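Hi everyone, thanks for having me. Today I'd like to walk you through some aromatic rings and a strand beside them.

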Amino acid sequence: MNYYLAIDIGASGGRHILGHMENGLLVTEEIYRFDNGAIKKDGELLWDTQHIFTEILNGLKACAAANKVPVSMGIDTWGVDYVLTDADGEKIGKSYCYRDARTACIDQEVYRQISEEDLYLRTGIQKQIFNTIYQLAALQKQSPSDLERAEHFLMIPDYFHFLLTGEYSNEYTNASTTQLVSPLTKNWDYDLIRKLGFPPHIFHDLKMPGSFLGKFTDAVSKEVGFSCNVVIPATHDTGSA
């Protein structure tokens with residue numbers, strides 16, 4: 001029997017859901033569940049990405065323990081939040097929660113480069129002060145060296161897929177929550193990115209949901225006890241998708 005694993009992570013918890021087909025119907029079961037939540041440190045709201053990834057691995061181990069090893073899996077999460085890494089895949093800076101207050105009034109910095117109306121016309125995204133465009137503008141103002149050192153921009157599920165496979169990617173539906181994607185080209189709006197002074201090389205060409213990403217690294221396979229195909233799912237929290 002073939003099992004397929006969906007790891008759904010939200011702002012308060014995550015769950016590993018296994019699915020298989022019986023008589024032409026999809027049967028699902030929850031195999032693992034864990035708590036998640038932003039942590040407050042020095043007045044900032046942050047994600048503990050190491051904790052989340054440890055729980056992702058724990059859920060994979062639960063699949064192996066139940067003798068229900070998936071042939072493919074993928075991770076979806078909330079939108080807008082991101083991780084920067086250097087050329088070696090090492091994380092740069094902090095993983096901010098979208099509820100962090102650092103983006104207050106930062107929209108005015110963005111509107112010095114492009115009007116709010118033109119930004120909406122280009123991206124088709126409802127303005128929210130926590131959209132990634134404002135988070136990056138805040139980072140550019142408060143910690144510009146992080147952007148200067150960055151080689152890869154990864155949304156939260158992209159980052160966990162990277163940790164599992166070693167492959168860098170950006171998935172379209174989650175990326176659409178950044179307010180940096182063109183709904184016409186279905187790719188990054190690189191002209192907008194350059195206009196705002198963000199380094200365009202850190203953004204990877206967008207992959208559509210259902211794209212095959214790769215297999216577990218040897219290190220991950222050894223830790224969880226099996227290898228698995230990683231397929232990029234759609235996020236449940238979309239923007240212009």
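Let's start with a word we'll need: a residue is called buried if its relative accessible area is under 20%. Keep in mind that this is a predicted model.

Now, phenylalanine 34 has 3% relative accessibility, so it counts as buried. Tyrosine 32 has 21%, so that one counts as partly exposed.

How many aromatic pairs does a search of the whole structure find? It finds twelve. Tyrosine 32 and phenylalanine 34 make a tilted pair, because their ring centres are 6.4 Å apart and their planes meet at 35 degrees. Another tilted pair is tryptophan 47 with tryptophan 78, at 4.4 Å centre to centre and 40 degrees between the planes. Both of these tryptophans are buried. Tryptophan 47 is in the loop between strand S5 and helix H1, and tryptophan 78 is in the loop between strands S6 and S7, so this pair ties together parts 31 residues apart in sequence.

Next, please find Tyr82, which joins Phe153, Trp188 and Phe203 in one aromatic cluster. On S7, Tyr82 and Leu84 point one way while Val83 and Thr85 point the other, and all are buried. That fits a general pattern: in a regular strand, side chains alternate between the two faces of the sheet.

And which strands pair with S7? Strand S9 does, antiparallel, over four bridges, with tyrosine 82 opposite methionine 155. Strand S8 is also antiparallel to S7, over two bridges, and there lysine 91 is the bridge partner of threonine 85. S7 and S8 form a hairpin with five residues between them, and glycine 89 in the turn has a positive phi of about 85 degrees.

Technical notes: Residues numbered from 1 in each chain as written. Predicted model: local features only at pLDDT ≥ 70, side-chain atom pairs only at ≥ 80, totals over all residues. Heavy atoms only, no water. Phe/Tyr/Trp six-rings, centres within 6.5 Å; stacked < 30°, edge-to-face > 60°. Buried < 20%, exposed > 50% of the residue type's maximum accessible area, 1.4 Å probe, protein only. Pairing = 2+ DSSP bridges.
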